[in-house]
Amino acid sequence: MNSFKAILDKYMKIIGGMKFAVVIISLFVIAMIAGTFIESYYGTDFAGRILYQSVPFVILQTLLVLSILTATILRLPPKERLYGFYIIHTGLIVVFIGALITGVSGIDGNMTLASNDPTRRVMLSEDVLIIKNETARKEVEIKLPNSYIATALNI
């Protein structure tokens, strides 16, 4: 049992350490820069599917949250000189919780806002595959999944 605690302490110090944080933050910044260029050239939906909703990016976010959470836990019990540290790290964790909730249950859409022109119209992102049979004059519409997880189309 003591060896398990020693191993856990060792990994917590690595994950909650400054070197690990710098590496993860650097990778996160590189991914966000790439995402900005992808989004500007190919659009928000494409960037979301190819990068922001990809498994490697989700793993990177998870490692970043683990690093922040572990760094905070390692500095408990609270010390007055670390109040700024606690506030910033708690804020980052809240932001990531919000991102998780949005990713799981959010709806993507956009709204065009013109100057002095109120609008209530929201365009939702939805991909639909339409299959037309011209000879039978039939049309089948299949809503495509907007997910990085493999999904059966049930055709």
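Me: How are helices and strands assigned here, and how many of each does the chain have?

Reply: Helices (H or I, at least four residues) and strands (E, at least two) are DSSP runs, numbered from the N terminus. On that basis the chain has 5 helices and 4 strands, and from the N terminus on the elements run α-α-α-α-α-β-β-β-β. This is a predicted model, in which local features need pLDDT of at least 70 and side-chain atom pairs count only at pLDDT 80 or more, while totals for chains, interfaces and linings use all residues. Residues are numbered from 1 along each chain as its sequence is written, and side-chain values use heavy atoms, with hydrogens and water left out.

Me: Which elements have the lowest and the highest mean pLDDT?

Reply: The term pLDDT is the predictor's confidence in each residue, from 0 to 100. Where pLDDT is low, the predicted coordinates should not be read in detail. The chain averages a pLDDT of 84, and 85% of the residues score at least 70. Among the elements, strand E2 (residues 123-124) has the lowest mean, 66, and helix H2 (residues 18-42) the highest, 94.

Me: How should I read the packing of H2 and H4, and at what angle do their axes cross?

Reply: Two packed helices are described by the angle between their axes and the distance between the axes. Axes are lines fitted to C-alpha atoms, for helices over the stretch in contact, and angles run from 0 to 180 degrees between N-to-C directions. The axes of H2 and H4 come within 10 Å and cross at roughly 145 degrees. The contact (heavy atoms within 4.5 Å) is made by residues including Phe20, Ile24, Phe28 and Met32 of H2, and Phe57, Leu60, Leu64 and Ser67 of H4. By class, this contact of H2 with H4 has 12 nonpolar, 2 polar and no charged residues, where Ala, Val, Leu, Ile, Met, Phe, Trp, Tyr, Cys and Pro count as nonpolar, Asp, Glu, Lys and Arg as charged, and the others, Gly among them, as polar.

Me: Which residues of H4 are buried, and against what do they pack?

Reply: An α-helix has 3.6 residues a turn, so residues three or four places apart point the same way. Buried means under 20% relative accessible area, exposed over 50%, and partly exposed in between (1.4 Å probe, protein chains only). In H4, the buried residues are Phe57, Leu60, Leu64, Ser67, Ile68, Thr70, Ala71 and Thr72, and they pack against helix H1 (2-15), H2, helix H3 (44-52) and H5.

Me: Where does threonine 72 lie, and what is in contact with it?

Reply: Threonine 72 belongs to helix H4 (residues 55-74), and it counts as buried because its relative accessibility is 12%. Leaving aside its neighbours within four places in sequence, threonine 72 is in contact with Phe85, Tyr86 and His89. Those three residues are among the buried ones of H5, together with Ile93 and Phe96, and the buried residues of H5 pack against H4.

Me: What span should H5 have, and how far apart are its ends?

Reply: The expected span of a helix is 1.5 Å times one less than its number of residues. The 23 residues of helix H5 (residues 83-105) should therefore span 33 Å, and its end C-alpha atoms are 33 Å apart, which agrees.

Me: What is notable in the backbone at proline 77 and asparagine 116?

Reply: The peptide bond from leucine 76 to proline 77 is cis, with omega near 0 degrees, and proline 77 is found in the loop between H4 and H5. Asparagine 116, in the loop between strand E1 (109-110) and E2, has a phi near 55 degrees, a positive value in a residue other than glycine. Asparagine 116 is exposed, because its relative accessible area is 79%.
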